[in-house]
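Visitor: Hi! Could you walk me through this one, please?
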There are 2 protein chains.
Amino acid sequence: MQPPAPSPLRGVPSPLRATIADVAREAGVHASTVSRALNPATRGMVTEAVAQRVTEVADRLGWRPSAVAAGLRTRKSRTIGILVPDLINPIFPPILHAVETVLATQGYVTLVANTDNDAARESLLIERMATHLVDGLILASAAAGTDALSLCARFGIPAVLINRRMPEGAGCAAVSAVTNDDIHGIGLAVDHLVALGHRRIAHLAGPQGVSTARDRRTGFLDRMRHHGLEPAEITTAAAYTREAGRAAMAALLQGPAGTGPSGNEPGCTAVAVANDMLCLGVYDAMEAAGRRVAADISVTGFNDMPFVDRIHPALTTIRIQHDAMGRQAACILLAEMAEPGLARQSIRLVPELVVRASTAPPAKAP
Amino acid sequence: MQPPAPSPLRGVPSPLRATIADVAREAGVHASTVSRALNPATRGMVTEAVAQRVTEVADRLGWRPSAVAAGLRTRKSRTIGILVPDLINPIFPPILHAVETVLATQGYVTLVANTDNDAARESLLIERMATHLVDGLILASAAAGTDALSLCARFGIPAVLINRRMPEGAGCAAVSAVTNDDIHGIGLAVDHLVALGHRRIAHLAGPQGVSTARDRRTGFLDRMRHHGLEPAEITTAAAYTREAGRAAMAALLQGPAGTGPSGNEPGCTAVAVANDMLCLGVYDAMEAAGRRVAADISVTGFNDMPFVDRIHPALTTIRIQHDAMGRQAACILLAEMAEPGLARQSIRLVPELVVRASTAPPAKAP
DNA sequence: TTGTACGCGTTATCAG
DNA sequence: CTGATAACGCGTACAA
């Protein structure tokens, strides 16, 4: 065994990393010069010969500037935080990928975190990110009852909303956003169902605290009215989850206060669902109730998330521009970080209808 | 009382964040005392009364310790990096969620990043994370031809592998790992197919650079031999993607050098596929070739990733313990960060068979 | 128990 | 163009 604490401290040998001072000594220049030589922005301030020598010494010693030390001095971390409500929803990874790709080209690292749709957790994450000096934030988790924006303002962190807007009046003009035209999108679904011959169309709405759910609900009502139709029924799911979708659809299948002869006939021949995740639960509920998708009741989704082309029957849905959404948001954030006074912008991406097998003309009434 | 501290107030006033000095001044104590009072570990060193007062002043001023400044001093960032090969594969989000949950309880923030299965990008990410002083790394991206581990060693960053092991001989003993028992898992699939009556069983393998693919291939061969069967065929997909799965299955459907009468009969009645993502492509290829899953050829997957219960026909697959995997890895990492000398451990989780509708007894030969 | 003094690794700001 | 010096905000031996 070892003797009691022989103090093998070796005066902090630091075999781990060389510092800028090491490079300076080795290159026979002052540390400041090293800093200038290696920073692309200030490289022009030193002789080419010196820059060359310093660079050479630096990577001979394997020196990497400490982002932490630099951050302390510059109050910047070259890090961007991304808050997602629920990573398990497959629409987010493609969006993140696009964001990450754009930011990586500018040398930024991304800090991804799940809020689990929990406002408290979201606040905690923002605070932690603030202490880590993130230079900017991309928020995919916007919802009512959140102080994300005020926290950002308080810490002076530029932010861009993505996919969801802020509730009206909650300072939504103060921050840029890249979202879908949800109203138009759900309208495409309604048009499609009407064209197939449906008249009694229900809406399975999402949690009304988030803008996508509200807009799709509004858009549904608008478009139904445009066609001179009354909504057959509107049920609201408690969350954008499969289970919430199942529960809401199960309720809807009971019919509004039992309209059918046996008291459990649904009052609709089609249902426009607020998103694809809910649709999985809708399928579950219909299977449990012995109802066939398309043949008995047509179903439309929203998002065209990965894999819904392979569920059975393949989902007719509204395709959003995952990739463009991520890229645009990243670009706007970069621009606003560079120039904080920039006017805020709100980009609305146009979605499109993808027809698959979950929709069909209504069955003839028996 | 002390004479009013001369606030030089030079340079820029920082309206954004209060510093420890502000708190100290306001509370009438020295900055060090503030530090001690607010750090849970050193709180015992200070009078309860003072601690109380300091705490009160601190959150009146809304002070948050700067993780950056603290990190510079302590060489720790309370940040953990997680490298994922491909976030779009739905098995990772649940794993990440578990990791995140455990780490969050200990006050760690997680830095998630995609490697896109690209060794160069992986190295870059590790270097960047190192400059940000991540305290530990969880690697889900282990593959042959990677220097992730040597980079970690060089920077002195504790790491834990998850889901995939390192190639044998590549210093695999030097790092802990939490993986599935892939050999056993694929064996369950083989057993199931044999029990259904299949004799001509093929294997659609994954990219052989990663351990899951190699182990499942080996496990397949072992188990076939155990049953006294020859593998009907083995095809290897270029990556764990849907498209690679489609291409590989299309090739397999041509049969080995055209064994069938028309030269394109597949030489098998069932195929054990290396993972669920590939299965999506397998379904695509079969559909394109006019072959029915289960009725014509049985298919098994691996991972039981979200949503494969709703594809058609529902996939028979091997369920892995996403959650336990994430939790265990996080715990091991925490332990090794606390005590670097700890013996490395390799945990192998036991998967189970989930029978659904993609497998059936072989069709009678016509 | 609390205050003093210093260092962590960089960069901004002056001189020269 | 380059060197010296002073912060950046915090943690921590050491002294009081």
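Guide: Happy to! One term to begin with: a polar contact is a pair of N or O atoms within 3.5 Å; within protein, one must be able to donate a hydrogen and the other to accept it, and residues adjacent in sequence count only if both atoms are side-chain atoms. This is a predicted model, where local features need pLDDT of at least 70, side-chain atom pairs count only at pLDDT 80 or more, and totals for chains, interfaces and linings use all residues. Residues are numbered from 1 along each chain as its sequence is written, chains are lettered from A and ligands numbered from 1 in the order in which they are written, and side-chain values use heavy atoms, leaving out hydrogens and water.

Visitor: What does the backbone of A:His30 lie 3.1 Å from?
Guide: A phosphate oxygen of DNA strand D. A polar side-chain atom of A:Arg75 also lies 3.0 Å from a phosphate oxygen of that strand.

Visitor: And which part of the strand is 2.5 Å from the side chain of B:Arg73?
Guide: There, a base nitrogen of DNA strand D is 2.5 Å from an N or O atom in the B:Arg73 side chain.

Visitor: How many residues surround DNA strand D?
Guide: 25 residues do, counting any with a heavy atom within 4 Å of the strand. A:Thr33 and B:Ile20 are among the closest.

Visitor: New topic: is A:Asn275 buried or exposed?
Guide: Buried, because its relative accessible area is 2% (buried means under 20%, exposed over 50%, partly exposed in between, with a 1.4 Å probe and protein chains only).

Visitor: What does its side chain reach at 2.9 Å?
Guide: The A:Asn275 side chain reaches the backbone nitrogen of A:Met277.
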